[in-house]
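Here are my notes from going through this one, in the order I'd look at things on screen. Have the viewer open while you read.

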Amino acid sequence: MWDILLTDCRTATMDSAGVIDDAAIGIAGERLTYVGPRCDLPAGDLARSVHRLGGAWVLPGFVDCHTHLVYAGNRDRERRMRADGMSYEDIARSGGGIMATVRDTRAANAETLTDLTVARARAMAREGVTTIEIKSGYGLDLGNELKMLRVAGRVGKVVPMRVCRTLLGAHALPPEFAGNRDAYVRLVCEEMIPAVARERLAEAVDVFCEAIAFTPDETECIFAAAAAHGLKVKLHADQRSDMGGGALAARHRALSADHLEHLSAAGVVAMAEAGTVAVLLPYAYHHLGDTHLPPIEALRRAHVPIAIATDCNPGTSPMHSPLRLKEVACEVFGLSPQEALMGMTINAARALGLAAETGSLAAGKSADLAIWDIPDPTALSPENGHLIGRIFRGQPDGD
Ligand code: NIG
Ligand code: FE
């Protein structure tokens with residue numbers, strides 16, 4: 001007997017079953033046992049508890065596959081600096097940018113960081129998120145990077161959601177290593193990555209490959225170390241300039257290459273061949289006032305899976321709302337609502353290597369879903385996105 005049966009609902013499964021108008025969804029334990037037309041349900045008493053949803057829409061729980069959710073402080077003064085004409089790079093070179101957040105995050109203890117991060121994660125859960133990725137990258141020394149990843153782990157214990165963790169030790173060169181880049185890359189490869197693998201503090205390793213951060217050669221070394229320790233890789237690629245990041249990520253069979261505003265035609269082909277997911281971060285583009293759009297049409301034509309994510313961080317994307325993300329992805333990047341929804345569900349799950357587990361509604365998958373009082377999923381927006389229920393791993397939650 002199933003635990004829960006949802007009926008009198010409509011569902012957009014985000015897989016081959018498409019939209020089902022008069023649907024039923026069965027859940028036993030943590031798993032979906034049935035997703036299909038109500039008329040095809042077997043007869044008899046099927047579930048301990050039956051919920052008639054009055055025509056509400058059931059969607060997969062959202063997956064936010066790129067966040068920097070653990071941080072202290074804020075970067076509000078940089079809005080003013082940008083308004084005065086300074087670029088993201090100018091601000092970084094003047095000691096602000098990522099390093100400003102590193103100073104605040106190093107100074108915060110684990111309890112404070114946990115409280116800040118849990119509050120952000122709870123807000124995301126209230127908008128239907130059931131899986132998030134959280135990167136380190138504001139510690140930039142062994143102790144503080146591990147502190148951030150442990151905090152991310154605690155979030156998954158406090159808020160009912162799946163948390164995937166990524167080591168981003170190579171986010172910026174900390175000032176104590178100025179003029180000694182090789183030593184910092186060695187620290188990432190020889191101390192951070194082995195410690196993270198040993199203590200199982202992350203599943204993946206990310207690098208910010210950019211003129212103000214790490215070179216393609218340094219990225220290659222870090223990816224080799226990650227592979228040697230059984231960790232997957234992802235890349236902040238081609239955000240501010242064409243560094244060949246998309247192709248580099250594809251060569252290393254990265255789960256995803258993210259940002260991609262300056263991705264080249266060759267990079268698109270390489271990503272298509274490798275099956276590397278393109279994670280677009282439209283709010284960061286919007287917040288920085290960027291004008292160089294990622295090659296979205298080329299990605300579509302090459303059938304590269306497109307995911308979208310909030311990139312929640314205090315500098316380039318101070319925002320953690322999936323509904324706002326959908327809106328900006330459509331308005332600023334011209335994605336269709338359907339593309340945006342795919343990007344926040346199944347393609348985002350793919351960007352975390354979780355496509356078999358979550359991101360769409362199909363029997364056998366984890367029962368991660370959100371119930372919405374909306375006329376149609378394409379209409380979901382910050383104004384009319386009214387969440388009436390959320391289930392994570394088969395457990396309804398009132399968070
Ligand atoms: O994804 N681009 C690099 N990393 C972050 C920004 C981090 C920051 O500015 O604090 C991003 O946009
Ligand atoms: Fe990022």
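The points below go from the sheets to the helices, then to the ligand shell and a few single residues.

1. First, a reminder about what you're looking at: this is a predicted model. Please read everything below in that light.

2. Start with the open sheet. It has seven strands in the order β3-β2-β1-β4-β13-β14-β15, and the pairing is mixed. The edges are β3 (31–37) and β15 (395–396), each of which pairs on one side only. If you want a quick refresher, strands of a sheet pair through backbone hydrogen bonds, either parallel or antiparallel.

3. Now walk through the pairings, beginning at the β3 edge. Strand β2 (residues 19–28) runs antiparallel to β3, and six bridges join the two. To find the register, look for A28, which stands opposite R31 in β3.

4. Further into the sheet, which way do β1 and β4 run relative to each other, parallel or antiparallel? Strand β1 (residues 2–12) and strand β4 (residues 47–60) are parallel, with eight bridges between them. C9 has A56 in β4 as its bridge partner. On to β13 (residues 369–372): this strand is antiparallel to β4 and joined to it by four bridges, with L59 opposite A370. So much for the mixed pairing: the β1/β4 pair is parallel, while the β4/β13 pair is antiparallel.

5. There's another set of strands to look at, β9, β10 and β11. Strand β9 (residues 232–237) and strand β10 (residues 256–259) run parallel and share four bridges. β10 also pairs in the parallel sense with strand β11 (residues 277–280), over three bridges. D258 is a handy marker here, since this β10 residue faces H236 and also stands opposite V279 in β11.

6. The connections between those strands are worth tracing too. Going from β9 through helix α8 (residues 245–251) to β10 gives a right-handed β-α-β unit. From β10, helix α9 (residues 265–274) leads on to β11, and that unit is right-handed as well.

7. On to helix α5. This helix covers residues 142–158, 17 residues in total, and spans 25 Å from first C-alpha to last, close to the 24 Å expected at 1.5 Å a residue. Its buried residues are E145, L146, K147, M148, L149, V151, A152 and V155. You'll notice that E145 and K147 are on that list. What covers them? The cover over the buried residues of α5 includes α3 (98–107), α4 (110–125), β6 (129–135), β7 (162–170) and α6 (181–198).

8. Helix α3 is the natural next stop. Its buried residues are I98, M99, A100, T101, V102 and T105, and they pack against α2 (88–93) and α5. Why does A100 count as buried? Because A100 has 21 C-beta neighbours inside 10 Å, and the cut-off is 20 or more. For a sense of distance, the C-alpha atoms of A100 and V188 are 20 Å apart, with 88 residues separating them along the chain.

9. The ligand next. Ligand 1 is surrounded by 14 residues, and I98, A284, N313, G315 and T316 are the closest. By class the shell has nine polar residues, four nonpolar and one charged. I98 is also one of the buried residues of α3, which ties this point to the previous one.

10. Have a good look at D311. This residue is in the loop between β12 (306–308) and α12 (322–333), and it counts as buried because 30 C-beta neighbours lie inside 10 Å. Apart from neighbours within four places in sequence, D311 is in contact with H66, T67, L281, Y283, A284, T316 and S317. A284 and T316 are also among the closest residues to ligand 1. The phi of D311 is positive, near 60°, and this is not a glycine. I'd check that backbone by eye.

11. Last, R393, in the loop between β14 (387–392) and β15. R393 is not a glycine either, and has a positive phi of about 50°. Is R393 buried or partly exposed? Partly exposed, because 18 other C-beta atoms lie within 10 Å.

Conventions
Residues numbered from 1 in each chain as written. Chains lettered and ligands numbered in written order. Predicted model: local features only at pLDDT ≥ 70, side-chain atom pairs only at ≥ 80, totals over all residues. Near = placed C-beta within 6 Å. Nonpolar A, V, L, I, M, F, W, Y, C, P; charged D, E, K, R; others polar. Expected span 1.5 Å × (residues − 1). Buried ≥ 20, exposed ≤ 12 C-beta atoms within 10 Å, placed from the backbone. Contact = placed C-beta atoms within 7 Å. Pairing = 2+ DSSP bridges. Right-handed = clockwise from strand over helix to strand, strands pointing away.
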